[in-house]
Amino acid sequence: MFSAACTHLLEGVTLMIHQLVYYSRNTVQGDGRAMLTNMREILAASQRNNSRDGITGFLIFDKTWFIQILEGERAQVTETYNRIAKDTRHSTATIMNVRDVPARLFPNWTMGGAMRTPEVQEVYLQHGFGGPLEPSRLKSDQIVRLALDLQAFEMDRRQGQRLAS
């Protein structure tokens, strides 16, 4: 229970969410099916860990790159990134941006993910990504906008599946 003085101090406080955007080179071996299986395992483990740690975010990946947005409390985001950076399924983890934001952009996703496939290529084209992703040439805001649109595409797809059943 807060005292009246403490409650008064908290009235104007906005709790910020820590957001980290990074990319890394994918070192997962195998053809399309093997890679997809590995990616599903990565996403499943991420969802378990992130649910436990209060992390949300989005993972974009293709045969060459992982690009990920992590959101949550500063200590948890930092700890999660440090654990990820040690994972041998990728190399050269590079932080693009770290900032505090007023709200989570991916509040319902302990880790949403989108592999670049023909099904979602239109979303990439809308953002000017016709060729391979080159994360070192991108700004984190471009990545965030792409991830938000990929999230919307996935939510629309799931809604369509629900309506069809």
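**Notebook: sheet, helix α3 and salt bridges**

I began with the sheet: it is open, has 5 strands in the order β4-β1-β3-β2-β5, and its pairing is mixed. Strands here are DSSP runs of E with at least two residues, helices are runs of H or I with at least four residues, and both are numbered from the N terminus. Two strands pair if DSSP finds at least two bridges between them. β4 (90-101) and β5 (112-115) are the edge strands; each has a single partner strand, so one side of each has no neighbour in the sheet. I noted an average twist of 10° from one strand to the next.

The model is predicted: local features need pLDDT of at least 70, side-chain atom pairs count only at pLDDT 80 or more, and totals for chains, interfaces and linings use all residues. Residues are numbered from 1 along each chain as its sequence is written, and side-chain values use heavy atoms, with hydrogens and water left out.

For the whole protein chain I read the pattern α-β-α-β-β-α-β-β-α-α. Of its 165 residues, 38% are buried (under 20% relative accessible area; exposed is over 50%, partly exposed in between; 1.4 Å probe, protein chains only).

I then looked up one pairing: β2 (residues 56-61) and β3 (residues 65-72) run antiparallel over 6 bridges. I60 has I67 in β3 as its bridge partner.

Next I checked helix α3, which lies across β1 (17-26), β3 and β4 and runs at about 160° to β3 (axes are lines fitted to C-alpha atoms, for helices over the stretch in contact; angles run from 0 to 180 degrees between N-to-C directions). T80 sits in α3 (residues 74-85) and is buried at 1% relative accessibility. Leaving out residues up to four places away in sequence, T80 touches N50, D53, I55 and L70 (contact: heavy atoms within 4.5 Å).

I searched the whole structure for salt bridges and found 7 (a side-chain nitrogen of Lys or Arg within 4 Å of a carboxyl oxygen of Asp or Glu). D100 and R74 form one, with their closest N and O atoms 2.8 Å apart. D100 is in strand β4 and R74 in helix α3, so the pair ties together parts 26 residues apart in sequence. D100 is partly exposed at 34%, and R74 is partly exposed at 48%.

In α5 (residues 140-164), E154 and R157 are 3 residues apart, about one helical turn; their salt bridge is 2.5 Å, N to O. E154 also bridges to R158 at 2.9 Å. E154 is buried at 15%.
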